[in-house]
Structure formats: structure tokens, C-alpha cells
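Let's take a walk through this one together, looking at charges, buried polar groups and surface patches along the way. Have the chain open so you can follow along.

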Amino acid sequence: GHGDDMPLPASGVNLMAPHQEGSWSFGLQANYFEPNNDLNYAVASESTTSGGGFGGSTVTNAQTRTYAVDSHPQWGWGADITYHFPGEGRDVTLAVTQLNSSDSDSIDQDDTNGSSITASGLYYSTGKGGGSASILGGFDTASGKVETNYDAVDLTFGQVITAGSRITLHPFAGLRYGYIDYKATAVYATEFDPDNPRNGASTMQSELDSTFSGAGPRLGSDASVNLGSGFSLRGTLGVSLLVGSMDVNSKNSIVDYSDGNNTISSQTDSVRDVDTNTRVVPEADAKLSAMYHMDFNNGYGLGFEAGYQVTNYFDAIQNNTVSTTIDTSTTYTDFFMQGPFARVQLDVA
């Protein structure tokens, strides 16, 4: 029952820790999140010349376009289980979130009006190799792909506080474990036909893999406004500070072909590995949602929730490994995802 609420010291607002019986809540969530999987993988330049410039001179108009892998929303999931302790509004929650995403793009000379394609982004960062393709240009085709694997596990303890009859606050604190694996691949080819490679045909592939895993404190708060008839508006703000390890490695492979039968005339592989280093990665997230909840007489309850969520891990990806080649500089970027979600919750008393 809710007749034994415990008042909390406050002025102006009647804050209460509501009395509750022991119970369980189980949640299952579908996410449609867009991660930051952008990657510039190729450049093509088109030049046109014309007369009629000042004094009859020739005018050259050069236009350069960068081709990129664009991010798209991807399906992911989450699950949570909460135990509500008997007594004054305390609970403990274990929550898991996972997103495995993949985005890709490709071009050939039909897309560049016949202009040759130059390698961009990844290949400059992972170092120049030998072979005829090391000029980084003159390619007929190019493709880029980004894959991101994300996992998070939260263990948090919370306290329910009611502020008046309509507002419920739920501050929480605990731990988060996070895992972010970012892998980018770019492939280039010139005069390459898998069935009949011509003399001088070549392919070049560059890979970059950045992996961070860490754990640390997490805290935040939920807030909900009761609209009546089982409906409520809910919001959450959370922050974490993860301490863990980042591992980065890159690989280039250049293959040159001679005439016929897929004969390889030379192959150059270059692998670079950055020593694993310790990183402190801050994280912040927010979500806003609407919920409908109904209680049944036998102690069961069912809730439906839909909303929008944003999550950002600061400097959690090393996506430009200049440090694997010629100097010690390092470029980090955030891991970011946003999008709508839908959740169903079962309460068992």
C-alpha cells in the first residue's frame, strides 16, 4: 500500500519516498539509432577549360568532390530488469544495450564523369605502401565501409521520490561498462577485372580498427509527470565516466597483377599497431518519452513507452591513425548515436 509514505525534509514542495512492496519489472526495448558512421573514402577532380578569359587567355575550372559513406539508422535492442525493494522506494536495475551497425558506399568512373579516383582519408592515415598503386590515384573504382559494434551494461541503484501528486523523481547511481569497436575499410582498384586482370591492374585495401572498452561510475535521474488515465511524460539525463583501454591497428594491402589467370606480380602488406593506451572517456545521454501504464488486479502491470534518445561518448574513437606512420599525433572523435525507441515493461508484484 501507499499509506505509509515517509516525508523527506523540504521547504515549499512536499517530497515523499513512497512506501512499496517488493516487486519486479522487466523491460524490452527496440532502438532505431543512427550512429556516426561517416567516412570520406575517395576524391575525384573534374577540370574543364575554355577560352575567353581576360585578354583571350584560357580559363580552367577545376571541381573536386569528396565521396563519403553516410550514416543510416540501424536496429538495435535493449533489455532491463529492476527489483523494487520492500520499504521506502529503493530499487536496483541491470540494463543492457546493443547496436551492431554497418554502412557502405561505392563509386566508379561512371559516377565521376570519367575522372580518375584518388584515395582519401583512410589510406593517408594508415601509411603509403609500395607497388604501382602507391601513387594513391588513377583508380577506376573505390568503395568504403564502416562497421560499429556497441555494447553497454549498467548496474544502478535508484530512489523514488514523489514531489506532489503528479511529479515523480528517480535519481540513480551505479556503474556502466561500455564497449565500442569501430572498423573502417576502403578498397580501390584500377583496370581490374576479376576474370581477366590486365597487365598493370592493381587493387589496394586499407583497414582501420579502433576498439575501446572501459567501466566507471554512472549517475543521473529520471523524472515523470503523471497526466492521468495511465499516461505520463518521462525524461532521463545520465552521465558516465569510463576508464579503460583503447587498441588501434591499421593494415594496407597493395596487389599488382600481370596478364591473365589472376597472376599476382607483386604484393605489399603493411600492418601497424598502436600500443594499447589507457583512456578516460566521458559519456552523456538523454531521452524523452511518453508512457501508458495499466495495472491489473492480480498484481501484474503492463507499460508501453515510446520516445527519442541521444548518447555521446567523447573522444572514444581514434579514426585517423597518423600516429601509426610518421609522427606521434593522435586524432580522436566522438561515438554518437541518436534515434527513436519503443519499450514494453511488465511489472510483477
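Strands here are DSSP runs of E with at least two residues, and they are numbered from the N terminus. With that in hand, Phe-231 can be placed in strand E13, which covers residues 231-257. One thing to keep in mind throughout is that this is a predicted model.

Let's stay with Phe-231 for a moment. Its relative accessibility is 43%, so Phe-231 counts as partly exposed, given that the partly exposed class runs between 20% and 50%. Now look for His-293: the two residues are 62 apart along the chain, yet their C-alpha atoms are separated by 6.5 Å.

Just ahead of that strand is a residue with unusual backbone geometry. Ser-229 sits in the loop between E12 and E13, and its phi is near 60°, a positive value in a residue other than glycine. Why is that worth a pause? Because most residues other than glycine have a negative phi. Ser-229 counts as exposed because its relative accessibility is 68%. Asp-315 also has a positive phi without being a glycine, here near 50°. Asp-315, though, lies in a strand, E15 (residues 300-320), and at 34% relative accessibility it counts as partly exposed.

Next, some polar side chains that are tucked away. Which residue does the side chain of Ser-206 contact? The partner is Asn-252, through a polar contact of 3.0 Å between the two side chains. Ser-206 belongs to strand E12, residues 202-228, and its relative accessible area is 0%, so Ser-206 is buried. Over in strand E3 (residues 23-35) you'll find Asn-31, which counts as buried because its relative accessibility is 2%. The side chain of Asn-31 makes a polar contact of 2.7 Å with the side chain of Gln-29.

Now for the charged pairs. How many salt bridges does the structure hold? The count is 10. One of them brings together the side chains of Arg-343 and Asp-80, at 3.0 Å from N to O. Arg-343 is in strand E16 (residues 331-348) and Asp-80 is in strand E6, so this pair ties together parts that are 263 residues apart in sequence. Arg-343 counts as buried at 11% relative accessibility, and Asp-80 counts as buried at 16%.

Another salt bridge is formed by the side chains of Arg-218 and Glu-283, with an N to O distance of 3.5 Å. This pair also links distant parts of the chain, as Arg-218 is in strand E12 and Glu-283 is in strand E14 (residues 264-295), 65 residues apart. Both Arg-218 and Glu-283 are buried.

Then there is Arg-234, which forms a salt bridge with Glu-305, the closest N and O atoms being 3.5 Å apart. Here the link between distant parts of the chain runs from Arg-234 in strand E13 to Glu-305 in strand E15, 71 residues apart. Are these two partners buried or partly exposed? Arg-234 counts as partly exposed because its relative accessibility is 28%, whereas Glu-305 has a relative accessible area of 6% and is therefore buried. Salt bridges that share partners also join Asp-154, Arg-176, Arg-218, Glu-283 and Asp-285 into one network, so Arg-218 and Glu-283 turn up again here.

Finally, let's head out to the surface. A nonpolar patch of about 510 Å² is made by Phe-85, Leu-94, Val-153, Leu-155, Phe-157 and Tyr-177. Where does the largest share of the nonpolar patch come from? Strand E9 (residues 141-159) supplies it, with three residues. Phe-157 has its place in E9, and since its relative accessibility is 49%, Phe-157 counts as partly exposed.

There is a charged patch to find as well. Asp-38, Asp-70, Asp-105, Asp-110 and Asp-111 form a negative surface patch. Take Asp-70 as your way in: it lies in the loop between strand E5 (59-69) and strand E6 (74-84). With a relative accessible area of 46%, Asp-70 is partly exposed. Strand E6 is also where you met Asp-80, the salt-bridge partner of Arg-343.

Technical notes:
Residues are numbered from 1 along each chain as its sequence is written. This is a predicted model: local features need pLDDT of at least 70, side-chain atom pairs count only at pLDDT 80 or more; totals for chains, interfaces and linings use all residues. Side-chain values use heavy atoms; hydrogens and water are left out. Patches are made of residues with over 30% relative accessible area and no salt bridge: like charges are joined within 9 Å, nonpolar side chains (Val, Leu, Ile, Met, Phe, Trp, Tyr) within 5 Å. Accessible areas come from the Shrake-Rupley method with a 1.4 Å probe; for residues, only the protein chains shown count as cover. A salt bridge is a side-chain nitrogen of Lys or Arg within 4 Å of a carboxyl oxygen of Asp or Glu. Lys and Arg count as positive and Asp and Glu as negative; His and the chain ends are not counted. The place of a charge is taken as NZ of Lys, CZ of Arg, CG of Asp or CD of Glu. Helices (H or I, at least four residues) and strands (E, at least two) are DSSP runs, numbered from the N terminus. Buried means under 20% relative accessible area, exposed over 50%, partly exposed in between (1.4 Å probe, protein chains only). A polar contact is a pair of N or O atoms within 3.5 Å; within protein, one must be able to donate a hydrogen and the other to accept it, and residues adjacent in sequence count only if both atoms are side-chain atoms.
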